[in-house]
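Me: I'd like to learn how to read a fold by walking through one chain. Can you take me through it, starting with a strand pair and working outwards?

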Amino acid sequence: MSDLLPPIVIDSGTQEWRAGVATSSQPEVRLEPSLENLEGNEVIENGVVLEFKSTQKALSYYTKYIRECLTKMRASPSSSSLLLSLPLKMSDDYRQRLTEVLFESFQFQSLFYVSQPLLAAYSSGYSNCLVVDSGYSYTGILAVKDLYPFTESERVLPLGGRNIDRYLRRLSREKLASYNEADIRHIKTNYCSVASGYSKSVKSTQKVLIMPDGKKITLGEELSMAPEVLFNPSLAGLPDVNPIDQAAIRSALSLEENDAYSVLKTVVLAGGNTGFPGTPNRMKEGIATRTVPRINKRVVRHRQGTEAVWVGGSIIASTQTYAKVCITKEAYKERGSILAIERWL
């Protein structure tokens with residue numbers, strides 16, 4: 001593999017795909033995918049995602065956007081290795097079928113899959129922590145010790161930025177009727193925040209928002225009520241889904257006591273859906289009120305922001321051991337896609 005080009009790293013986020021070579025400091029390609037082909041491929045029970053099922057539409061989704069990333073990068077898969085980020089709870093069959101596509105259709109020389117929360121841990125600066133990676137469609141939670149994942153701690157909530165979008169529209173009624181998803185993202189990024197506590201009686205100060213088209217609209221409590229969905233999913237019609245602070249605690253407490261206390265000391269918030277001002281403090285308060293006092297020393301917003309997963313991929317793909325853990329084309333020809341079950345993180 002020493003003759004290959006630097007590995008290609010692709011983060012397959014549901015709101016934005018990011019792609020670039022591992023030797024770069026940041027991705028060079030960004031794509032906004034359509035999620036139509038991913039609808040309905042999750043198995044949800046009691047407010048958590050048990051599994052993402054393999055469907056032909058879902059495989060077509062990955063095929064389309066991997067091809068678009070490669071085209072924009074002007075990269076040749078037949079001379080490259082691919083590190084691809086995947087969500088937690090992707091079924092074995094899903095990974096196997098995807099492996100067949102990547103080797104048979106794209107002709108990659110080698111590939112490796114890593115879960116998105118684990119990649120965020122690699123770029124966080126903390127080797128022992130609990131990662132809460134909340135994106136547009138889902139929130140993935142994973143505990144790591146010495147950057148090794150505890151699989152029993154894995155949690156995926158069907159809760160993400162799109163739920164906040166819908167609730168913001170519902171609260172704002174006709175005020176946002178003419179605005180698109182990019183406009184809603186503008187509001188969330190520049191004006192929304194998480195309150196220190198939830199109270200229906202508290203009235204927020206009205207704010208004048210300047211929209212991308214230059215027009216002005218006025219919103220008030222909607223700006224803090226919409227992100228409140230993270231800590232009160234029932235507001236968005238998700239009564240079975242745990243708030244992210246409670247889900248994080250449950251994830252940690254699935255471990256042995258010493259490990260649970262160790263990972264709860266540092267909680268890392270990753271993904272675009274955790275970027276609201278006030279989120280770390282609210283998370284810390286929620287953990288403190290439901291666990292042993294002072295066990296949590298810090299809740300931090302990931303230093304790489306929305307690039308956390310991609311940067312983590314570039315770190316792993318740049319290590320000397322990366323070539324040894326990959327699924328190579330030769331190994332695939334010899335043993336088949338079963339390797340996708342054995343070799344992934």
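**Reading the sheets**

Reply: Sure. Start with a single bridge: V131 has V268 as its bridge partner in strand 13. Keep in mind that this is a predicted model.

Me: How many bridges join strand 8 to strand 13, and do they run parallel or antiparallel?

Reply: The general idea is to go from one residue pair to the whole strand pair. Here strand 8 and strand 13 run parallel, joined by four bridges. Now look to the other neighbour: strand 13 also pairs with strand 14 in the parallel sense, again over four bridges. V268 takes part here too, with V300 as its bridge partner in strand 14.

Me: What is the strand order in the open sheet of five strands?

Reply: Read across the sheet, not along the chain. The order is 10-9-8-13-14, and the pairing is mixed. Strand 10 (148–157) and strand 14 (298–301) are the edges, each pairing on one side only. Ignoring direction, neighbouring strands are turned by 20° against each other on average.

Me: Where does the antiparallel sense come in?

Reply: Look at strand 8 (residues 129–134) and strand 9 (residues 139–145), which pair that way over six bridges. One place to spot it is C129, which stands opposite V144 in strand 9. Helix 7 (residues 244–252) packs on this sheet, where it touches strand 8, strand 9 and strand 10, and its direction makes about 145° with that of strand 10.

Me: Are the residues of strand 13 mostly covered or open?

Reply: For burial, take the strand one face at a time, with under 20% relative accessible area as the cut-off for buried. Five of the five residues in strand 13 (residues 266–270) are buried. T266, V268 and A270 sit on one side, V267 and L269 on the other, and both faces are covered.

Me: What order does the open sheet of six strands have?

Reply: Same reading trick: 3-2-1-6-7-15, with mixed pairing. Its edge strands are strand 3 (29–31) and strand 15 (327–328), each pairing on one side only. Strand 15 pairs with strand 7 (residues 110–115) in the antiparallel sense over two bridges. L111 has I327 as its bridge partner in strand 15.

Me: Which strands does helix 2 lie across?

Reply: Here you list the strands under the helix, then compare directions. Helix 2 (residues 92–104) lies across strand 6 (81–86), strand 7 and strand 15, at about 145° to strand 7. Helix 10 (residues 308–317) lies across strand 1 (8–12), strand 2 (17–21), strand 6 and strand 7, at about 150° to strand 1.

**Zooming out**

Me: How is the chain divided into domains?

Reply: Watch for domains built from separate stretches of sequence. Domain 1 covers 5–115 + 307–342, domain 2 covers 119–159 + 239–305, and domain 3 covers 161–229. Between domain 2 and domain 3, the centres are 25 Å apart over C-alpha atoms. In that pair, 13 residues of domain 2 are in contact with 17 residues of domain 3.

Me: What does the radius of gyration of the chain agree with?

Reply: You compare it with what the chain length suggests. For 345 residues a compact globule would be near 20 Å, and the chain has 20 Å, so the two agree. The C-alpha atoms fill a box of roughly 65 × 50 × 35 Å along the principal axes. Buried residues make up 54% of the chain.

Definitions and conventions
Residues numbered from 1 in each chain as written. Predicted model: local features only at pLDDT ≥ 70, side-chain atom pairs only at ≥ 80, totals over all residues. Heavy atoms only, no water. Pairing = 2+ DSSP bridges. Contact = heavy atoms within 4.5 Å. Axes fitted to C-alpha atoms, helices over the stretch in contact; angles between N-to-C directions. Rg over C-alpha atoms; globule rule 2.2 N^0.38 Å. Buried < 20%, exposed > 50% of the residue type's maximum accessible area, 1.4 Å probe, protein only. Domains from an automatic or database assignment.
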